[in-house]
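Grab a pencil and work through these short exercises with the model open beside you. Try each task before you read its solution.

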Amino acid sequence: MSSSNPTPLDLTLDGGTLTARLVDIPSVSGDEQALADAVETALRGYPHLTVDRHGNNVVARTNLGRAERVVLAGHLDTVPIADNLPSWVEGDLLHGCGTTDMKSGVAVQLRIAATVPEPNRDLTFVFYDCEEVEASRNGLGHLVKDHPEWLAGDFAVLMEPSGGMVEGGCQGTLRTQVRLTGVRAHSARSWLGDNAIHHAAEVLTRLENYQPRRVEIDGLEYREGLNAVRVDGGVAGNVIPDECVVTVNFRYAPDRDEVDAEKHVREVFDGFELTVTDFAVGALPGLSQPAAQAFLEATGGQARAKFGWTDVARFSALGVPAVNYGPGDPNLAHKREEYCSLSAIAEVEERMRAWLTS
């Protein structure tokens with residue numbers, strides 16, 4: 001699935017300059033082929049790598065017979081461009097769509113792939129599409145389904161923006177609708193009806209009184225949360241409503257699976273009608289693994305819990321513990337003013353190189 005004239009990439013460029021080259025190849029979700037072509041072509045120029053492709057997903061591997069295999073993964077796509085291409089530099093900052101999320105991380109992957117031919121661990125480099133859109137299109141998900149053997153490893157690093165700090169695993173998320181029913185009536189004769197919106201008071205009271213759990217895993221503290229994120233109800237300005245729906249989001253620590261998470265939510269709202277509408281399991285940090293310990297030491301020795309959900313969960317489902325680590329500031333992701341520090345890109349690459357060559 002390669003175009004005849006892929007844009008050439010020089011992987012000997014420094015990380016910041018290479019990031020700019022990647023940013024200047026537009027790759028909004030669903031339009032990653034030109035960038036995937038360029039990545040594939042560049043990697044095939046290195047004899048120490050075996051390169052495979054599935055759709056717009058490119059996987060390169062070393063096969064040196066090392067005792068451990070580490071997977072470095074990053075997505076090629078960006079959110080829609082917002083008058084922020086081509087890239088430009090101001091001082092230490094590289095501006096443009098995808099600089100933080102996450103072409104700076106992809107640049108580090110490519111630099112390591114090209115310039116560390118004999119790492120102390122075998123390496124798998126995964127570049128995938130459609131991370132910024134619905135899960136059914138996610139390229140890493142397609143690889144998990146169609147080529148899970150390409151993703152085998154002892155430890156994985158998803159190079160999502162993390163401000164240059166290790167973020168271990170990720171929390172799970174579950175959304176449920178709590179449905180309240182009543183009897184419709186004219187509001188002038190409200191005693192003939194039963195106001196479903198008023199029944200939501202008990203749901204909100206339980207949420208207000210809820211004490212979220214704090215869980216320590218591998219030295220990282222995960223903080224759960226159970227919150228109403230939407231309330232739907234009402235028919236007209238003169239009608240007693242007969243239905244109200246409170247949508248609740250449960251963010252849960254990765255020591256729970258989806259069965260336990262749903263069981264807990266049903267216990268909290270015992271007596272109410274619940275419909276689970278969406279869930280994604282979390283990922284354990286795996287920082288007790290030898291490769292993870294060495295990685296943590298090489299990157300400064302500090303880690304924090306990842307409270308949001310990321311694709312590390314897909315590796316966890318394969319039995320591969322994973323962390324998030326990348327040079328970008330996650331607070332800048334998806335912003336029109338998105339940028340990444342050039343010195344941060346260099347620092348992350350230097351730390352990765354030290355970990356893989358010491």
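Here come the ground rules, followed by the exercises with their solutions.

This is a predicted model, in which local features need pLDDT of at least 70 and side-chain atom pairs count only at pLDDT 80 or more, while totals for chains, interfaces and linings use all residues. Residues are numbered from 1 along each chain as its sequence is written, and side-chain values use heavy atoms, with hydrogens and water left out.

**Exercise 1. Get an overview of the protein chain.**

Step 1: Start with the secondary structure. You should find 9 helices and 19 strands. Here helices (H or I, at least four residues) and strands (E, at least two) are DSSP runs, numbered from the N terminus.

Step 2: Check the extent. The C-alpha trace spans about 80 × 45 × 40 Å along its principal axes.

Step 3: Look at burial. Of the 358 residues, 51% are buried; buried means under 20% relative accessible area, exposed over 50%, and partly exposed in between (1.4 Å probe, protein chains only).

Step 4: Turn to contacts, meaning heavy atoms within 4.5 Å. Among contacts with a separation of 6 or more, 77% are between residues 24 or more positions apart.

Step 5: Finish with charge. There are 31 positive and 52 negative side chains, and the centres of the two sets lie 2 Å apart. For this count, Lys and Arg are positive and Asp and Glu negative, with His and the chain ends not counted; each charge is placed at NZ of Lys, CZ of Arg, CG of Asp or CD of Glu.

**Exercise 2. Which residues of helix α6 are buried, and what covers them?**

Step 1: Find residues 258-268. In this helix Ala 261, His 264, Val 265 and Val 268 are buried.

Step 2: Look down the axis. The buried residues of α6 fall within an arc of 95 degrees, so they line one face of the helix. The arc is that of the directions from the helix axis to the C-beta atoms. As a reminder, an α-helix has 3.6 residues a turn, so residues three or four places apart point the same way.

Step 3: Go round to the other side of α6, where Val 259 and Lys 263 are exposed.

Step 4: Name the cover. Over the buried residues of α6 you'll find, among others, α5 (196-209), β9 (172-181) and β16 (273-280).

Step 5: Check the start of α6. A side-chain oxygen of Asp 257 comes to within 3.1 Å of the backbone nitrogen of Val 259.

**Exercise 3. Why is helix α1 called largely enclosed?**

Step 1: Count. In α1 (residues 15-23), 7 of the 9 residues are buried, so the rest of the structure largely encloses this helix.

Step 2: List them. The buried ones are Gly 15, Gly 16, Leu 18, Thr 19, Ala 20, Leu 22 and Val 23.

Step 3: See what lies over them. The cover of α1 includes α2 (33-43), β5 (93-95), α3 and α9 (342-357).

Step 4: Look at the start of α1, where a side-chain oxygen of Asp 14 reaches to within 3.1 Å of the backbone nitrogen of Gly 16.

**Exercise 4. Hunt for unusual backbone angles.**

Step 1: Recall the background: most residues other than glycine have a negative phi, and most peptide bonds are trans.

Step 2: Find the cis bonds. One runs from Leu 85 to Pro 86, with omega near -5 degrees, and Pro 86 sits in the loop between β3 (69-75) and β4 (88-90). Another joins Asp 101 to Met 102, with omega near -10 degrees; Met 102 belongs to helix α3 (residues 99-115).

Step 3: Look for positive phi. Asp 218 isn't a glycine, yet its phi is about 50 degrees. Asp 218 lies in the loop between β11 (214-217) and β12 (220-223) and is partly exposed, at 35% relative accessibility. His 334 has a phi near 75 degrees and is partly exposed too, at 44%.

**Exercise 5. Is Met 159 buried or exposed, and what does Met 159 touch?**

Step 1: Place Met 159 in the loop between β7 and β8 (166-168).

Step 2: Read its accessibility. At 1%, Met 159 counts as buried.

Step 3: Leave out residues up to four places away in sequence. The partners of Met 159 then include Ala 73, Met 102, Tyr 325 and Met 352.

Step 4: Compare positions. Met 159 and Asp 101 are 58 residues apart along the chain, and their C-alpha atoms are separated by 9.3 Å.

Technical notes
Polar contact = N/O pair within 3.5 Å; in protein donor to acceptor, adjacent residues only side chain to side chain.
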